[in-house]
Amino acid sequence: MLDVAALIFSYTFIFGSLYLGIALGFTIITGVLRIFHLGYGAIFLIAAYGTWMFWKDVGFGFIESIVLSFALVALFSFLIYQVVIKKFWEMEDYLLAALIAVFIIIEELVNYAYPEIVGVYLPTTIIEGSISIGPASIPGQLAATSVIAILMVICYLLIFTKTKTGLIMRAISQDIFASQLVGVNFDRMFIVAMILASLPPAIIMLLIAPIWALNPFIGWPLFTYAIVVSVLGGLGNLRGTIMASYIIGFIHAAVGFSLDPRLMLLASLVVVVAVLVFRPEGLARAETIW
Amino acid sequence: MLEVSNLTKRFGGVIAVNEVSFEVEKGEIIGLIGPNGAGKSTLVNLISGFYLPDSGKIRFLGEDITKKKMHERAKMGIARTFQNPRLISNMTAIMNVMYAVLGSERGSKLSLVEAYGEAAYYLDIFDMLKKRDVLVADLPIYELRLLELARALALKPKILLIDEAMAGLNPAEAERVSKLINRIREEFDLTIIWIEHVLKIIMRSVERILVMHYGKLIADDTPEKVVRMPEVVEAYIGEEVV
Amino acid sequence: MSILKLEPRRGRMIIHAFGRKYDWIIEPRYWRNPIIGVITLLALPLLMYFFATGVFGIRPVALLSALIFANILAMIGTPLVLQIIGTGRVSFGPHFFVAVGGYTAALLSKNYGFSPALTLPASFFMGALIGLGLSPITIISRGIYFVLITLLLPFILWELTYWRSDVFGAETGIPGVPLLIFTGDVVLDIMIYYYVSIAMVLILLFFTDRVMRSRYGFMMGVINEDEEVALSYGIDVAKIKVITFTLTSGAIAVAGWFLAHYQGSFTGPVWLQPSFLILILLTTTLGGKGAVYGVIASAYFIATLREVTRTQFGEMSVVVLFIILLILLYILPEGFWGLYRKRRYREYVPSIRIRRA
């Protein structure tokens, strides 16, 4: 009994931080651009497989490959903004359909170039073995990822509260039209937000790559976590996302360790749909990013 | 006919309509005036069912309609126009009248073609028949106002709530609209509550005036008497009365 | 109404109302083109089979099954258009109802020995029932929230099929569903399947078209444009939305019934995939906003394109298919129907959009 409680407790933290890291970029995009980036899942794929491509196929060093793949992710976000989001800004149904289509195109491209049998493996392990907290033992890499996710969130909060760019973004997230009046350069801000938002999923992806079997279709489940968390938290609000991450983390840990691991995602999806129906503004009632 | 008692509506901390009570007799034409933000539009929205009141009662034709839904009230004969013409812009003028015909009480038995014929009749009253196939997006503001009135009339209302029929019109057009409103009132035996900013015209057209200020009803009398009330003059300080 | 008199004339209708005379021009293309379209659709498989032997290296049988897939897309797309207009919301979960219908048909026939004739109404009612249960969301949730709920529904079913894989069979699916048609001759079978599916599409099209041109269709259009206006002019928005959502959900579930009995098995995870959702969404958007006939055209286009890319590009086929479809989304913002349709004022062109609020 105590074991289960300890497991649930520690995994609430692990899962929660992990989901927070996964959903961070998504929340920023939803908060600043006020659109729903259904192509977000492609970022995970580009980060992982981009690194692999630069490392194995092009022949760069591992660290250089990681840097290059981040550049690729940023380029992808930039292009998505310029080509898809800007074009379909006013037609949300087209926008969402086009974004999913882009996601599927990337997914299939990756599947064509590096199908599962290639055995893509990225040696990004920071902590080998596992760490024991009381009766529970946690893979060290997961713990490291959680800590880095939290550090990332703190970094982004500092950006949003301390820097000028961050303040402008918060202003945009509060009132798009008012900030238009005071002469904010939207395009630039949106591009910056898109690129800023593309880094956390890329980092998280690289960190969990050694422990979660990489396959070309890993984008969807990760993207589902991002949707679930940011919807529960209130679309595009970081405070809500932080709360929601740990709530979903708790649901997953509790259901996974005391009921049936196969029910984890189902349970959280049901919770989120119920929240969407009865309280669409989510946990945070605020309409702003922070 | 319409009986509003102690109606209150709050938005957060702001009391938009505060304990408003009045009665409307059949066939009356009533002006509802007041400075910006006095709660006039909120009152219309409460009567038409757009908002539900926090407290108070609305009775219409002897029936309590406080809890009734908007479309049920429309079917009972409460029609309204919108402050900013709210027509469906990718439909033609006549289509915008047709749905009001279909939504009226007898409309549930009409086919589309019959509704078309009737809608044409209402458009004709406002001299808009020749514009029937023009998309609403292409109509000027004057014709939008007329179309709003035609649409409201197509509901065959017993009471018509007009939320600013003249905003954005030039004096000549405003004059014509005011004449039309008086004409339809006689022809269709309507009761009208008319919110307006252009006081000159409304003072001439109506028999009774309600004045609202900060959500409260501060005067309810004939136009001649209302303009002499100190509360009203005070509410309108800086604005020209008559 | 007694004051009204209708006098039909060649190409137009003269309406006498309240002592005045109005004429209403009825355009012949309203009734002539459907007939041409139906004849084309009916003749297509025969032409394909006898004349098109190996265009782009596609065998006639493969092409026919592509056309059956087109019919399936049309079967989903047609009610979906009606649903989008009648509820004023864009659903991102039509494939959820396809899976509901498919599982109902498969489970009932496998476990209880229902015949296809019995599973058809069962699928419809199951879809309609779940649609009815979910219909409050069409009233409560607006814009993006509705999109999200409907987007998550298929994922819930997906998880459910893995959780209870003993019942739903997860990715192996439910085999042993009785086939709708089995003559022993592959070509004849597929030909009959084509005609069955096209008959279903035509029936759906007929109903949808009738509804769209009826007073209800008109009121649905008003709801799609502005719910508050609809309410203030006496239209019972909630009732129309619930009825629309319920019935169209049932109709979409029928496509799942066809899939189950056509393939002889039903595998939910195949159809619950986002790529299938995108094919459905692109069928409706490329069809032209709110255009029911356009859906048929784009369903045939997309299904044929899918088959062509499959034979031409092999493993890259999905990538090429989606890139072509994306490009089309850019160059045809009004869809295929927009190419054909001139700007005609008498016709209401629904504006389909997701409200942000």
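This tour moves through a predicted model, one selection at a time.

**Stop 1: Chain A as a whole**

Select chain A and colour the chain by secondary structure. Chain A holds eleven helices and two strands. Followed from the N terminus, the order of elements is α-α-α-α-β-β-α-α-α-α-α-α-α. The radius of gyration of chain A is 19 Å, close to the 19 Å that the globule rule gives for 290 residues, so chain A is as compact as a globular protein of that length. Along the principal axes, the C-alpha atoms of chain A fill a box of roughly 60 × 50 × 35 Å.

How much of chain A is buried? Of the 290 residues in chain A, 59% are buried. The contacts within chain A can be examined by their separation in sequence: among those with a separation of 6 or more, 74% join residues 24 or more positions apart.

**Stop 2: Where chain A meets its neighbours**

Now display chains A, B and C together. Two pairs of chains touch, and the pair with the most contacts is A and C. Chain A and chain B, by contrast, are joined by no contact, and their closest C-alpha atoms lie 15 Å apart.

Select the residues at the contact of chains A and C: 43 residues come from chain A and 42 residues from chain C. The size of an interface is often given as the accessible area lost when the parts come together. Between chain A and chain C this buried area is about 4000 Å², and carbon and sulfur atoms give 78% of it. There are zero salt bridges between these two chains, and two residue pairs are in polar contact.

Next, highlight α3 (62–85), α4 (92–113), α9 (219–233) and α11 (264–278) of chain A, each of which supplies at least two residues of the side that touches chain C. Which of the elements gives the most to this side? The answer is α4(A), with 14 residues. Colouring this side of chain A by residue class would show 34 nonpolar residues, one polar residue and eight charged residues.

**Stop 3: The contact of chains B and C**

Hide chain A and turn to the other contact. Here 41 residues of chain B are in contact with 35 residues of chain C. The area buried between chain B and chain C is about 3500 Å², with 68% given by carbon and sulfur atoms. Select H71(B), N90(B) and V113(B): these residues of chain B lose the most area to chain C, together 16% of what that side buries.

Between chain B and chain C there are two salt bridges and nine residue pairs in polar contact. The side of chain B that touches chain C draws two or more residues from each of α2 (70–76), α3, α4 and α5 of chain B. Of these, α4(B) gives the most, with nine residues. By class, this side of chain B has 21 nonpolar, eight polar and twelve charged residues.

**Stop 4: R86(B) and its partners**

Select R86(B), E228(C) and D226(C), and show their side chains. E228(C) forms a salt bridge with R86(B), with the closest N and O atoms 2.6 Å apart. E228(C) lies in helix α10 (residues 227–232) of chain C and R86(B) in the loop between β6 and α3 (93–103) of chain B, so the pair joins two chains. R86(B) also meets the side chain of D226(C) in a salt bridge, at 3.0 Å from N to O. Are E228(C) and R86(B) buried or partly exposed? E228(C) is partly exposed, with a relative accessible area of 25%, and R86(B) is partly exposed at 26%.

**Stop 5: Salt bridges inside chain B**

The whole structure contains 21 salt bridges over all chains. One of them links D163(B) with R80(B), whose closest N and O atoms are 3.8 Å apart. D163(B) lies in strand β7 (residues 159–163) and R80(B) in strand β6 (residues 78–80), so the pair ties together parts of chain B that are 83 residues apart in sequence. Both D163(B) and R80(B) are buried.

Move next to E143(B) and K131(B), which form a salt bridge at 3.3 Å between the closest N and O atoms. E143(B) is buried, with a relative accessible area of 13%, whereas K131(B) is partly exposed at 25%. Finally in this chain, select E28(B), R208(B) and D220(B), which salt bridges with shared partners join into one network.

**Stop 6: A buried aspartate in chain C**

End the tour at D209(C), in helix α8 (residues 186–213) of chain C. D209(C) counts as buried because its relative accessibility is 17%, under the cut-off of 20%. Its side chain makes a polar contact with the side chain of Y293(C), at 3.2 Å.

Conventions. Residues are numbered from 1 along each chain as its sequence is written. Chains are lettered from A and ligands numbered from 1 in the order in which they are written. This is a predicted model: local features need pLDDT of at least 70, side-chain atom pairs count only at pLDDT 80 or more; totals for chains, interfaces and linings use all residues. Side-chain values use heavy atoms; hydrogens and water are left out. Contact means heavy atoms within 4.5 Å. Buried area is the accessible area (1.4 Å probe) that two parts lose on being put together, summed over both. A salt bridge is a side-chain nitrogen of Lys or Arg within 4 Å of a carboxyl oxygen of Asp or Glu. A polar contact is a pair of N or O atoms within 3.5 Å; within protein, one must be able to donate a hydrogen and the other to accept it, and residues adjacent in sequence count only if both atoms are side-chain atoms. Helices (H or I, at least four residues) and strands (E, at least two) are DSSP runs, numbered from the N terminus. Ala, Val, Leu, Ile, Met, Phe, Trp, Tyr, Cys and Pro count as nonpolar, Asp, Glu, Lys and Arg as charged, and the others, Gly among them, as polar. The radius of gyration is taken over C-alpha atoms; the globule rule is 2.2 Å times the number of residues to the power 0.38. Buried means under 20% relative accessible area, exposed over 50%, partly exposed in between (1.4 Å probe, protein chains only).
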